[in-house]
Amino acid sequence: LERSERSMQARLALVSGALGLDPTSGLYFLNKRGHSLADIYESAKRTIAQNKCDVVFFDSISRGGAGSMNADDVANKIMDMLNALCPTWFALGHSPRGDESHVYGSQMFDGACDLAVQLQSQVSGDKASTGIRLKVSKANDIPEGFTSTHVLEWGAEGLAGIRPSRVG
């Protein structure tokens, strides 16, 4: 909901290529830049059912469109909408400025998730790569604290590679 169709197709091709997958393979996107989840909910529901989707990715919780993100009932409504769309979903959330310990808004966003993964990043001095650390900060069914660190390598066209990190 935050990116154009062209941007998402280009990103998918780069990520697929970096992972060694067919860059022309597709995923279903509902490109409705400038709209909220509430705006596209019925359309999303139909698309998911028609295409028998098993997983939904939502970018981002800030595009829920149900009201103030600080209100518990609004957070619950957004989570209920995602739960009703698909059994498995991933939603991006952003931390508040100056506090990376939780997702911005109601505590119910953190409370509703079964697995929370915090992303931290660091850009190399030459800007040719970005280190990303994924840390499980909340888990209902697996141990917390698991971390994974990878490097995104950049080329003239954008993302060129993804690899496990090395010391230094």
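Phe-90 is partly exposed, with a relative accessible area of 46%. That makes a friendly starting point for a tour of this structure, which is a predicted model.

Which residue does Phe-90 pair with? Its partner is Phe-57, and the two form a stacked aromatic pair, with 4.8 Å from centre to centre and 10 degrees between the planes. The pair counts as stacked because its planes are under 30 degrees apart. The structure holds 1 aromatic pair, and this pair links distant parts of the chain, as its two residues are 33 residues apart. Here are the two partners side by side.

| Residue | Strand | Relative accessible area |
|---|---|---|
| Phe-57 | β1 (residues 55-58) | 62%, exposed |
| Phe-90 | β2 (residues 88-91) | 46%, partly exposed |

Phe-57 is called exposed because its relative accessible area of 62% is over the 50% cut-off.

Now let us turn to the sheet. Strands of a sheet pair through backbone hydrogen bonds, either parallel or antiparallel. In this model, 4 strands make up an open sheet, in the order β3-β4-β5-β6, and their pairing is antiparallel. Which strands lie at the edges? They are β3 (115-123) and β6 (158-164), each of which pairs on one side only. From one strand to the next, the twist averages 25 degrees.

For a closer look at one edge, follow β6 to its neighbour. Strand β5 (residues 147-155) pairs with β6 in the antiparallel sense, over 6 bridges. Glu-153, for instance, has Gly-161 in β6 as its bridge partner.

How values were computed. Residues numbered from 1 in each chain as written. Predicted model: local features only at pLDDT ≥ 70, side-chain atom pairs only at ≥ 80, totals over all residues. Heavy atoms only, no water. Pairing = 2+ DSSP bridges. Axes fitted to C-alpha atoms, helices over the stretch in contact; angles between N-to-C directions. Phe/Tyr/Trp six-rings, centres within 6.5 Å; stacked < 30°, edge-to-face > 60°. Buried < 20%, exposed > 50% of the residue type's maximum accessible area, 1.4 Å probe, protein only.
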